[in-house]
Amino acid sequence: MKKLFLIIGAPGSGKTTDANLIAKGDESFTHYSTGDLLREEVASGSELGKLIDSYISKGNLVPLEVVVNAIISAIKSSKTPNVVLDGYPRSVEQMSELDKVLSAQDEIALKGVIEVAVSEDVARERVLGRARGADDNNEVFNNRMKVYLEPIGAIREFYSGKNLLHEINGERTIDEIVQDMRKLINSLL
């Protein structure tokens, strides 16, 4: 059985970096992000990949059910027993669909949802400080933060109710955060 850990957090919280380092530091882990999973599925040429490509190539959003199926497919075919998925779920709908699919199968167990907690000021400073592209500006940050904040209360409540939610202080050094995350994940395995 695959063990799944979801890493969530505000834009600039460091969740992708943290998840990457968890997987790099332990050969029993694979790290995925949703966008990477969709691109890999398309590149594989599978039927699911062709379906995903039929949406992406027209500039359309990939339907939620298809995205969740791609996530589940990737986790099941992962070469490692443990998977960290960052940045998912981002909405109550994504959370509900993932929970529905996970509940209906017995090959993947969700072991924990880890929120990398940072203040809005720290998140803003990090995103605007890195300025990697045209979307790293105050207006885009404000929108991304709004998109993150709107569903996060319901997401926290849902996973807390299942005893799955854990919070890590993301306002420290990367080494401290990853070390704490590793300890937490190892305690949940």
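Which strand does β4 pair with in the parallel sense over 5 bridges? Let's start there, and keep in mind that what we're looking at is a predicted model. The partner is β5, and β4 itself covers residues 108-117. If you want a spot to click on, take Val116, which stands opposite Ile168 in β5.

Okay, zoom out to the whole sheet. It's an open one with 5 strands, and the order reads β2-β3-β1-β4-β5, with parallel pairing. At the edges you find β2, residues 29-33, and β5, residues 165-169; each has a single partner strand, so one side of each has no neighbour in the sheet. Going from one strand to the next, the twist averages 25 degrees. For anyone who needs the reminder, strands in a sheet pair through backbone hydrogen bonds, and that can be parallel or antiparallel.

Now a helix on top of that. α2 lies across β2 and β3, and it runs at about 90 degrees to β2.

Next up, the pocket. Rolling a water-sized probe over the atoms is how you see where empty space is left. The largest pocket here has about 980 Å³ of space. So who lines it? There are 40 lining residues, and nearest the centre sit Lys15, Asp86, Gly87, Arg90 and Arg144. By type, the lining splits into 17 nonpolar, 14 polar and 9 charged residues. Several elements supply at least two residues each, among them β1, α1, α2 and α8. Which helix gives the most? That's α7, with 7 residues.

On to charges. Side chains of opposite charge can pair when their charged atoms come close. We've got 9 salt bridges in this structure. One to pull up is Glu47 with Lys50, at 3.5 Å, N to O. Both of those residues are in helix α3, 3 residues apart, which is about one turn of the helix.

Last bit: a couple of backbone oddities. Most peptide bonds are trans, and most residues other than glycine have a negative phi. Where do we see a cis peptide bond? Between Tyr88 and Pro89, with omega at about 5 degrees. Pro89 is in the loop between β3 and α5. Then there's Asn163: not a glycine, yet its phi is positive, about 60 degrees. You'll find Asn163 in the loop between α7 and β5.

That's my tour, thanks.

Notes:
Residues numbered from 1 in each chain as written. Predicted model: local features only at pLDDT ≥ 70, side-chain atom pairs only at ≥ 80, totals over all residues. Heavy atoms only, no water. 1 Å grid on protein atoms, 1.4 Å probe; cavity = no way out; pocket = protein on both sides within 12 Å on 5 of 7 lines; lining within 4 Å. Points joined across faces, edges and corners; volume = space filled by probe spheres on them. Helix = DSSP H or I, 4+ residues; strand = E, 2+ residues; numbered from the N terminus. Nonpolar A, V, L, I, M, F, W, Y, C, P; charged D, E, K, R; others polar. Pairing = 2+ DSSP bridges. Axes fitted to C-alpha atoms, helices over the stretch in contact; angles between N-to-C directions. Contact = heavy atoms within 4.5 Å. Salt bridge = Lys/Arg side-chain N within 4 Å of Asp/Glu carboxyl O.
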